[in-house]
Amino acid sequence: MAEGTGRGESLSIWFFVGGLTLLYGIILLPYGAYEWFSGHESSTVLSNLHPTFWWGLLLTLFGGFYSIRFRPGKG
């Protein structure tokens with residue numbers, strides 16, 4: 001935990017990590033769903049596995065967990 005607010009509160013670096021990964025997941029997940037369900041997939045190797053959608057889902061879940069778990073003012 002790092003001290004940095006000057007008000008006796010501490011902010012966890014994991015809160016920022018969670019927020020950043022949540023942001024990436026929120027960007028990737030709808031784009032991956034659009035690619036998958038609209039059929040506008042790129043012609044790369046293994047594109048049939050829909051990696052954008054699955055990484056977006058994983059980052060959203062990971063970021064959501066860390067953002068909630070380490071949010072400021074919780075403890």
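Reader: What share of the 75 residues of the chain counts as buried?
Author: This is a predicted model. A residue is called buried when its relative accessible area is under 20%. Of the 75 residues in the chain, the share that counts as buried is 20%.

Reader: In what order do the helices and strands follow along the sequence?
Author: The chain has two helices and two strands. Read along the sequence, the pattern is β-β-α-α.

Reader: Which residues of H1 are buried, and what do they pack against?
Author: Helix H1 runs over residues 13-38. Its buried residues are Gly18, Thr21, Gly25, Gly32, Ala33 and Glu35. These buried residues pack against H2.

Reader: What distance separates the end C-alpha atoms of H1, and what span should its 26 residues have?
Author: At 1.5 Å a residue, the expected span is 38 Å. The expected span agrees with the model, because the end C-alpha atoms of H1 are also separated by 38 Å.

Reader: What is found at the start of H1 and just after H1?
Author: At the start, a side-chain oxygen of Ser12 comes within 3.1 Å of the backbone nitrogen of Trp14. Just after the helix, Gly39 has a positive phi of about 80°.

Reader: Is Ser67 buried or exposed?
Author: Ser67 sits in helix H2, residues 51-69. The cut-off for buried is under 20% relative accessible area. Ser67 is therefore buried, at a relative accessible area of 13%.

Reader: Which backbone atoms does the side chain of Ser67 reach?
Author: A polar atom of this side chain lies 3.3 Å from the backbone nitrogen of Gly19. The side chain of Ser67 also reaches, at 2.8 Å, the backbone oxygen of Gly63.

Reader: Which residues is Ser67 in contact with, leaving aside neighbours within four places in sequence?
Author: Contact here needs heavy atoms within 4.5 Å. With neighbours within four places left out, the partners of Ser67 are Phe15, Gly18, Gly19 and Leu22.

Reader: Which residues does Phe15 touch, not counting those up to four places away in sequence?
Author: Phe15 lies in helix H1 and is partly exposed, at 25% relative accessibility. Its C-alpha atom is 8.7 Å from that of Gly63, although the two are 48 residues apart along the chain. Residues up to four places away aside, Phe15 touches Tyr66, Ser67, Phe70, Arg71 and Pro72.

Reader: How many aromatic pairs are there, and what parts does the pair of Trp14 and Tyr66 tie together?
Author: Counting rings whose centres lie within 6.5 Å, there are 10 aromatic pairs. Trp14 and Tyr66 form a tilted one, with 5.7 Å from centre to centre and 50° between the planes. Because Trp14 lies in H1 and Tyr66 in H2, the pair ties together parts 52 residues apart in sequence.

Reader: Why is the pair of Phe62 and Tyr66 tilted?
Author: Planes under 30 degrees apart would count as stacked and over 60 as edge-to-face. The ring centres of Phe62 and Tyr66 are 4.6 Å apart and the planes meet at 40°, so the pair is tilted.

Reader: Which residues form the aromatic cluster?
Author: Among its members, Trp14 is partly exposed at 42% relative accessible area, and Phe62 is partly exposed at 34%. The one cluster is formed by Trp14, Phe62, Phe65, Tyr66 and Phe70.

Reader: Which residues does the UniProt annotation "transmembrane region" cover?
Author: The span 12-33 is 95% helix, with end C-alpha atoms 32 Å apart. The span 53-70 is 94% helix, with end C-alpha atoms 26 Å apart. According to the unreviewed UniProt entry, the annotation covers residues 12-33 and 53-70.

How values were computed:
Residues are numbered from 1 along each chain as its sequence is written. This is a predicted model: local features need pLDDT of at least 70, side-chain atom pairs count only at pLDDT 80 or more; totals for chains, interfaces and linings use all residues. Side-chain values use heavy atoms; hydrogens and water are left out. Helices (H or I, at least four residues) and strands (E, at least two) are DSSP runs, numbered from the N terminus. Buried means under 20% relative accessible area, exposed over 50%, partly exposed in between (1.4 Å probe, protein chains only). A polar contact is a pair of N or O atoms within 3.5 Å; within protein, one must be able to donate a hydrogen and the other to accept it, and residues adjacent in sequence count only if both atoms are side-chain atoms. UniProt positions are given in the numbering used here, feature names are shortened, and annotations may be inferred rather than shown by experiment. The expected span of a helix is 1.5 Å times one less than its number of residues. Rings of Phe, Tyr and Trp (its six-membered ring) pair if their centres lie within 6.5 Å; planes under 30 degrees apart count as stacked, over 60 as edge-to-face and the rest as tilted.
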